[in-house]
Amino acid sequence: MATRIIRRRVALLVACLVARSAVAAAAGDSLNFVSCPIVRDTASVPCWLAEYEGELYFLTIQSDVSAPVTPPWLGHRVLVEGVLSAEPRICGGVVLKPVHLSVLPEQDASCNVMLPAESKYNLTFEPPRPPGPSAGRLAFDAASAAPPSPAPTTGPRDFVISYDFDGLVGFSHARVLTEILDYARAVNAGEIVITGYRGAVRLSNGQTMMEDEAIGKRRAEQLAMLLRGANLTSPSYSVRSQDDTARATGINDYLTRRVVVTVRPR
Amino acid sequence: MLMIGGLGAQSGPMTSWWAPGQGTPLPAFASYGNEHGAAGLFNASGVIETKGHPFFEAIGTNGRACVTCHQPSDAMALSVQSIRARWAATRGQDPLFAAVDGMNCPGLPADEAQSHSLLLERGLFRIALPWPPQRADGTPIDPEFTIEVVRDPTGCNTDPIYGLHSATPTISVFRRPRPVANTKYTTHQNFGVGPFVGKNGMPAATDPDTGRPTSMNLMADARASTLAVQARDAAKNHLQVAGALTAAQVDGIVAFEKQVYAAQVESATAGSLVEPDGPPAFGPRNLAAGEAGVLGNNTTRYVFPMAGKWTTLPRTSSSDANARNAARESIARGHDVFMFRTFWIKDSMHLNTVGLGNPAKRTCSTCHGMHMTGMDTANGWMDIGSTNLPWASEVPLNPWTTAKAQMPLFRVTCKPNVAPHPFLGRVIYTQDPGRALISGLCNDVGTIVMEQFRGLSARAPYFSNGSASSLRELVDFYDRRYAIGFSEGEKQDLVNFLSSL
C-alpha cells in the first residue's frame with residue numbers, strides 16, 4: 001500500500017484519546033471542523049474517522065454508491081459538518097449524526113493515516129453492505145427507491161441541488177438532474193431559472209470558511225450546460241448567482257451551498 | 001484452427017486468418033485453438049454467408065475489412081500473435097499493416113518492421129484524435145487542460161502533417177482493438193443507463209437514431225455511442241472508405257455484431273468448459289442466453305456464475321482425470337479470488353470518487369461487476385493507472401540498457417479555473433489521456449473504458465495499450481498497483497480462471 005500505516009504515531013494518538021474521556025460538547029450540538037480523514041480497518045468494512053481538538057469522531061462506514069453519506073478520501077482534507085450523537089462510540093469515535101462531509105479539492109499528502117483492524121473496534125452491527133459482493137441489492141435500496149416528495153405535476157417546480165464545499169456536479173447528482181430533465185420534458189418547459197449560491201460554514205473554532213467567490217456562478221452555468229447537453233434546448237434559460245455566505249451560523253450551513261432550478265411550463 | 005461440433009460446424013483444417021473477401025461461410029459454431037485451450041465462436045442466427053457481407057468484404061480503399069482486425073479465431077479481436085504471423089506470411093504486405101494506423105506514423109518506410117513496431121510488438125493501432133476535442137456534431141470543446149508532447153518515439157505527435165501542431169491538430173494514441181462479440185452486453189439499455197453519467201453527472205451520449213442515452217461502454221474512450229456509430233467511425237478511419245457506408249452496409253455490420261458470441265470453450269488443463277452440467281459462466285452459448293446489463297457483484301447472480309461447480313472434485317486412479325479436476329478446482333478458486341478476495345483500491349478515478357471513499361476495501365468484482373462480462377455496467381471508464389504515470393509500464397532508463405520507450409508521453413496540465421485531478425494533481429503525465437481526449441475533462445485523463453473479460457486467451461496482449469503481454473502480467477500489474485499481496489497460488493488460480501472466460 002502506497003499509504004503508510006503509521007502504527008507508532010497512531011498508537012500514541014489513540015492512547016491520548018482514550019485518556020480524554022469527556023467530550024466537551026453535548027449531544028445535539030453542531031460540530032464543524034476541517035481535518036484529515038482517518039480510515040480504520042475492521043473485520044468487515046472500514047470505518048472513517050477524523051480527529052478534532054484531541055477527540056476522535058466517527059464519520060461513516062464504507063457501504064456502496066447508494067449511501068446517503070459517502071466516505072471521504074485520503075490525500076485530501078475533509079470538511080465535517082455534524083451533530084454530536086448520544087450513540088455509543090463506533091470504531092472508537094464519537095458518533096456524528098447527521099453528518100455532511102465535503103472532500104476539499106486540493107490534495108494534502110499528510111492525510112494518509114490508515115489504522116489496522118483491532119478487535120475492540122470491530123463493528124457491533126451488521127453493515128448494510130459487506131466489503132465485497134452484496135446479497136443482491138444496493139445497501140440503501142429502499143431509500144434510493146423512495147418516491148420523491150409530492151410535487152406539482154403541471155405547474156412551476158423548484159429543485160434544490162446540494163453541493164460539497166467548493167464543489168460542482170459530481171457522481172451523486174445524476175439522479176436529481178434526471179428528475180429535472182424528466183419534469184421539464186413532462187411539462188414542456190418554457191423557462192428554466194437557475195440560481196447558483198455561494199455558501200459558507202461557521203466552524204466550531206469560530207472561523208468562517210467561505211466558498212470560492214465565483215462558485216455560485218459556476219454552479220449555475222454548469223447546470224445550464226448540463227441540461228442543454230442533455231438536449232433540453234427548447235426552454236429559455238435564465239442563469240443567475242447569489243452570495244449566501246451571510247447565512248452561515250454554524251448550524252445546517254451545508255444548506256447554503258446549493259443551486260435552485262425552477263422549471264416553468266410553457 | 002480446430003473446428004468442432006455444433007450446428008453448421010465445419011471440419012478440416014483451415015488457415016486461422018480470415019482474409020477480406022474470403023467468401024467462405026462462417027459456421028454457426030466454431031472453435032479455434034489458443035495457448036490456453038480453445039475459444040468458441042457462436043453465431044446465434046446460424047451460418048453466416050460472408051460473401052458480399054459488409055463485415056467480411058474489403059469495403060474500403062486500403063483492402064481491409066472489419067474482419068481484418070476482428071478475427072473469428074481471436075474472439076473477434078486480434079492477438080499480437082496473429083499480427084506477427086500475418087507479417088511473416090505476407091512480408092508485411094497484408095492490408096492489416098496499412099499506413100493509416102498500422103504504422104507508427106504514416107509516411108514511414110512501409111516494408112520495414114520498425115515502422116510498424118507498436119503493432120508488431122504490442123498489437124497497437126494508431127488512433128488519431130482531433131485536438132481540441134470535438135462534440136459528436138464536430139463543434140470544438142474548450143478542454144479543461146492543456147497538453148504537451150513530452151516524448152514522441154513514433155514521431156507522429158510532433159509530425160508537421162499528423163502532429164499536435166499541424167494544420168489539423170491531432171493527437172495520436174495507440175490502442176488495442178476490442179472484441180466485436182457479446183455486444184448485447186456492451187450496448188445494453190439496463191442498469192446504470194440514464195441521461196446523465198452516473199460517475200460524474202455529465203450528459204450521457206445518445207443514440208443518434210433514437211435519442212436514447214447509451215451505456216457508453218464501446219471503445220476505449222466511449223467516443224462511439226452505438227454499434228452503428230462505431231462502424232461508421234471504423235470504416236472512415238481504419239478501412240479508409242471513400243465517402244460513407246450505405247445504410248445497408250451499416251445494418252449488415254450491426255446485425256452480424258449483435259448475434260455473435262465469443263468465449264473460451266476448452267481449457268488445456270481443465271478440459272471442456274462447456275459440458276452440460278458445467279458452470280454456467282463459460283462458453284459463448286451461455287453468453288447468448290445470459291441477461292445483459294445487470295449487476296453481478298452479488299451472491300444472488302454473480303459476475304461469472306459457477307453454480308458451486310468444481311469447488312471440490314473427486315480424485316480417481318486416473319492421473320489425467322485427477323490433473324483435470326485439479327485444474328478445475330484451481331479455476332473455481334480463481335473465481336473466488338475474483339469475487340471475494342478483498343484489497344485496498346486506492347486513487348482510482350471514477351471508482352474511489354463514486355461513493356466508496358479513498359481507499360475502498362473491496363474486490364475485483366467491485367469494478368468488474370457486470371454479469372457475464374466483468375465490465376462496468378455503464379459508463380465504464382476508470383483510471384487504474386494503465387496509461388497514467390506513475391503506474392503505467394515504462395521502460396527503465398539507465399546506462400546499462402539500450403531499451404527505449406515505445407509509447408508517447410504527454411504532459412497534461414489542468415487549467416487554473418478547474419479543480420486539480422483529485423489523485424494526480426494539476427500536472428499529469430500519461431501515455432494516453434483516454435476519455436479526456438473526448439470529454440476534455442481533467443478528471444478523465446487516463447481513464448479507459450474497461451474491457452469485457454471474454455475470450456481473453458485468444459487475444460493477448462491486454463490493457464488498451466497492450467502493456468500486459470500475458471494474463472500473468474495482467475494479474476501482476478494489479479498486484480503492484482494496489483499492493484494486494486496475492487500469493488503465488490492466488491495468482492495462478494486467477495490466471496486459470498481468467499483464461500477460461
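The expected span of a helix is 1.5 Å times one less than its number of residues. Helices (H or I, at least four residues) and strands (E, at least two) are DSSP runs, numbered from the N terminus.

This is a predicted model: local features need pLDDT of at least 70, side-chain atom pairs count only at pLDDT 80 or more, and totals for chains, interfaces and linings use all residues. Residues are numbered from 1 along each chain as its sequence is written, while chains are lettered from A and ligands numbered from 1 in the order in which they are written.

**Exercise 1. Check the length of helix α8 of chain B, then place its buried residues.**

Step 1. Helix α8 of chain B covers residues 319–340, which makes 22 residues. At 1.5 Å a residue, the helix should span 32 Å. The end C-alpha atoms are 31 Å apart, so the two values agree.

Step 2. A residue is buried if 20 or more other C-beta atoms lie within 10 Å of its own, exposed if 12 or fewer, and partly exposed in between; C-beta atoms are placed from the backbone. The buried residues of α8(B) include B:Arg328, B:Ile331, B:His335 and B:Phe338.

Step 3. Two residues are in contact if their C-beta atoms, placed from the backbone, lie within 7 Å. The buried residues of α8(B) pack against α10 (364–367) and α13 (488–499) of chain B.

**Exercise 2. Profile chain A, and say where its confidence drops.**

Step 1. Chain A has 4 helices and 13 strands. Of its 266 residues, 42% count as buried.

Step 2. Take contacts in chain A between residues at least 6 apart in sequence: 74% of them join residues at least 24 apart.

Step 3. pLDDT is the predictor's confidence in each residue, from 0 to 100. Chain A averages 89, and 86% of the residues score at least 70. Over residues 1–23 of chain A, pLDDT stays under 50. The model has 23 contacts beyond four places in sequence for that stretch. Where pLDDT is low, the predicted coordinates should not be read in detail.

**Exercise 3. Describe how the two domains of chain A meet.**

Step 1. Domain bounds come from an automatic or database domain assignment. For chain A it gives domain 1 (7–142) and domain 2 (151–265). Their C-alpha centres lie 28 Å apart.

Step 2. Count the contact: 11 residues of domain 1 of chain A meet 12 residues of domain 2 of chain A. On the domain 1 side, β1 (30–35), β5 (76–84) and β6 of chain A each supply at least two residues. The largest share, 5 residues, comes from β6(A).

**Exercise 4. Break down the side of chain A that touches chain B.**

Step 1. The contact takes 39 residues from chain A and 39 residues from chain B. In chain A, β6 (94–107), α3 (174–186) and α4 (215–229) each supply at least two. The most, 4 residues, comes from α3(A).

Step 2. Ala, Val, Leu, Ile, Met, Phe, Trp, Tyr, Cys and Pro count as nonpolar, Asp, Glu, Lys and Arg as charged, and the others, Gly among them, as polar. The chain A side divides into 23 nonpolar, 13 polar and 3 charged residues.

**Exercise 5. Is A:Ser119 buried or exposed?**

Step 1. A:Ser119 lies in the loop between β7 (114–115) and α2 (141–144) of chain A.

Step 2. A:Ser119 has 7 C-beta neighbours inside 10 Å, so it counts as exposed.
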